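Please take a look at the model below. A short round of questions and answers goes with it.

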Amino acid sequence: EISGLLTMISEQQLLSDRAKSVAFREKDRDAVRKAIREEMQAKDWDAALVLANSMEKEFGYSQEAAQLRAEINGNRTEVVQRQVDEAINTINEHLSAERWNPALREAERVLQIYPDDERAKRLPQEIENRRQSIKKRLRDSFMAAVSRHEVDEGIEILKRLDPYLTPAEAEALQEQVRQLFK
């Protein structure tokens with residue numbers, strides 16, 4: 001019995017690599033499919049795409065490889081969108097509290113992770129646009145308070161406006177501030 005098993009093992013070892021690949025192609029294909037799924041779960045999209053390409057080249061399953069590539073790319077897009085959405089929510093929390101530097105740091109972090117994502121590319125400019133919008137609103141409110149001679153309101157607005165101003169902008173407002181205190 002052992003002799004028969006040894007003979008069978010010996011014969012299988014004598015098979016050429018090509019014969020082995022034909023004989024065990026179903027197991028090999030299943031192993032590649034399983035490996036692709038594992039890489040997708042690990043979010044290693046590039047490795048999963050390489051495996052899908054090898055399925056097409058080695059086994060000739062171009063249609064299945066194309067479906068797998070579409071699934072991989074779809075999963076990647078979904079994960080990226082979800083992670084960018086989470087980062088945008090964090091940035092919006094910072095913006096609501098007017099914490100501009102943490103918002104910019106988060107935007108830069110997202111841009112480093114996803115440099116090809118269009119929403120990530122727009123984040124720094126959107127943050128600056130919001131900052132400028134609040135600055136303009138505060139400046140307009142300050143000017144209105146000055147024109148109404150609302151000293152206390154003008155001082156409170158000026159306190160909020162001060163961190164937004166450049167030295168040149170602050171200098172330009174000196175006359176209105178003097179007028180407010182007169």
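The questions below deal with ring contacts and charged side chains in this predicted model.

Q: How many aromatic pairs does the structure hold, and which residues form an aromatic pair?
A: The structure holds one aromatic pair. Its centres are 6.0 Å apart. The partners are Trp100 and Tyr164.

Q: Is the pair of Trp100 and Tyr164 stacked, tilted or edge-to-face?
A: A pair of aromatic rings is described by the distance of the centres and the angle of the planes. For Trp100 and Tyr164 the planes stand at 70°. Planes over 60 degrees apart count as edge-to-face. The geometry of Trp100 and Tyr164 is therefore edge-to-face.

Q: How many residues apart in sequence are the parts that Trp100 and Tyr164 tie together?
A: Trp100 belongs to helix H6, residues 100-113. Tyr164 sits in the loop between helix H8 (151-161) and helix H9 (167-172). The pair thus ties together parts whose separation in sequence is 64 residues.

Q: Are Trp100 and Tyr164 buried or exposed?
A: Trp100 and Tyr164 fall into one class of accessibility. Both rings belong to residues that are buried.

Q: Which residue of the salt bridge between Arg109 and Glu106 is buried?
A: The two side chains meet at 2.7 Å, N to O. Both residues lie in helix H6, three residues apart, about one turn of the helix. Arg109 has a relative accessible area of 40% and is partly exposed. Buried means under 20%, and at 15% the buried partner is Glu106.

Q: Which helices does the salt bridge of Lys135 with Glu169 tie together?
A: The closest N and O atoms of Lys135 and Glu169 are 2.6 Å apart. Lys135 lies in a helix of residues 118-147, and Glu169 is 34 residues away in sequence. The pair therefore ties together helix H7 and helix H9.

Q: What is the relative accessible area of Lys135, the partner of Glu169?
A: Glu169 is partly exposed, at 24% relative accessibility. Lys135 is buried. Its relative accessible area is 9%.

Q: Which partner in the salt bridge of Lys136 and Asp140 is exposed?
A: These side chains meet at 2.9 Å, N to O. They are four residues apart in helix H7, about one helical turn. Asp140 is partly exposed at 41%. Exposed means over 50%, and with 52% the exposed partner is Lys136.

Q: Which residues do salt bridges with shared partners join into one network?
A: The count of salt bridges comes to 17. Shared partners join three residues into one network: Asp30, Arg33 and Glu64.

How values were computed
Residues are numbered from 1 along each chain as its sequence is written. This is a predicted model: local features need pLDDT of at least 70, side-chain atom pairs count only at pLDDT 80 or more; totals for chains, interfaces and linings use all residues. Side-chain values use heavy atoms; hydrogens and water are left out. Rings of Phe, Tyr and Trp (its six-membered ring) pair if their centres lie within 6.5 Å; planes under 30 degrees apart count as stacked, over 60 as edge-to-face and the rest as tilted. Helices (H or I, at least four residues) and strands (E, at least two) are DSSP runs, numbered from the N terminus. Buried means under 20% relative accessible area, exposed over 50%, partly exposed in between (1.4 Å probe, protein chains only). A salt bridge is a side-chain nitrogen of Lys or Arg within 4 Å of a carboxyl oxygen of Asp or Glu.
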